[in-house]
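Got the viewer open? Here's a short tour of what to select and what you'll find there.

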Amino acid sequence: MRVTPRRLALGMSLWIPNLCSGIRVKRFADDWTSATVELHVNVVTRNYVKTAFGGSMSAMTDPYFFMLVMHQLGRDYVVWDTRGEIEFLKPGRGVLTARFEVSREKAEELRERARGGAKVLEWFETDITDAAGDVVARVRREVYVREKKRVTAASTNGSAPASAPSSESVAEPDDRQAAR
């Protein structure tokens with residue numbers, strides 16, 4: 001079954017860690033350039049003073065930048081989230097929203113920088129806002145990108161494979177170890 005933006009949004013919303021944390025993926029853009037995620041602050045996701053638990057806000061921002069990059073670049077690239085930072089600006093209450101954007105131009109820039117097997121680390125930023133539109137937290141996520149070894153090897157042998165985007169991009173196990 002092909003992974004579509006709509007299926008992925010539904011699957012991520014029903015995924016137990018997100019479901020139990022009040023995290024709902026509202027949508028992925030059809031071209032994989034954006035995603036919108038909500039955190040519903042409730043008895044499970046709030047802290048001692050009844051505002052959004054910082055861990056829940058971090059979790060709501062965890063995989064989305066790397067997923068947008070991964071789906072735009074396709075199967076010929078290793079893409080994963082390496083680290084994140086969050087700055088809490090005011091207490092979060094009610095429904096909190098984060099919007100993630102990775103333009104086509106940024107994805108193509110990352111593709112070019114990773115060509116030949118180069119390790120690329122890129123920071124992305126987003127704000128978490130409340131229902132009134134006030135910024136509750138600022139989030140930064142670092143994404144790792146590298147052309148897969150088999151692609152780089154094929155390129156040096158003169159038979160470069162097509163690097164068309166695919167919704168089935170998965171990191172090879174040895175690539176994750178090599179990146180750490």
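Start by selecting Val69, Gln72 and Leu73 in H4, then add Arg104, Ala107, Leu110 and Arg111 in H5: these two sets meet (contact means heavy atoms within 4.5 Å). This is a predicted model, where local features need pLDDT of at least 70 and side-chain atom pairs pLDDT 80 or more, while totals for chains, interfaces and linings use all residues. Residues are numbered from 1 along each chain as its sequence is written, and side-chain values use heavy atoms, without hydrogens and water.

By class, that contact holds four nonpolar, one polar and two charged residues. Now show helix H4 (64-73) and helix H5 (104-114) whole: their axes are 10 Å apart, at an angle of about 75 degrees. H4 and H5 are therefore roughly perpendicular (65 to 115 degrees).

Next, pick arginine 141 and aspartate 81, whose side chains form a salt bridge at 3.6 Å, N to O. The term asks for a side-chain nitrogen of Lys or Arg within 4 Å of a carboxyl oxygen of Asp or Glu. Arginine 141 sits in strand E6 (135-147) and aspartate 81 in strand E3 (77-88), so the pair ties together parts 60 residues apart in sequence. The structure has 15 salt bridges.

Technical notes
Axes are lines fitted to C-alpha atoms, for helices over the stretch in contact, and angles run from 0 to 180 degrees between N-to-C directions. Helices (H or I, at least four residues) and strands (E, at least two) are DSSP runs, numbered from the N terminus. Angles under 35 degrees count as roughly parallel, over 145 as roughly antiparallel, 65 to 115 as roughly perpendicular and the rest as oblique. Ala, Val, Leu, Ile, Met, Phe, Trp, Tyr, Cys and Pro count as nonpolar, Asp, Glu, Lys and Arg as charged, and the others, Gly among them, as polar.
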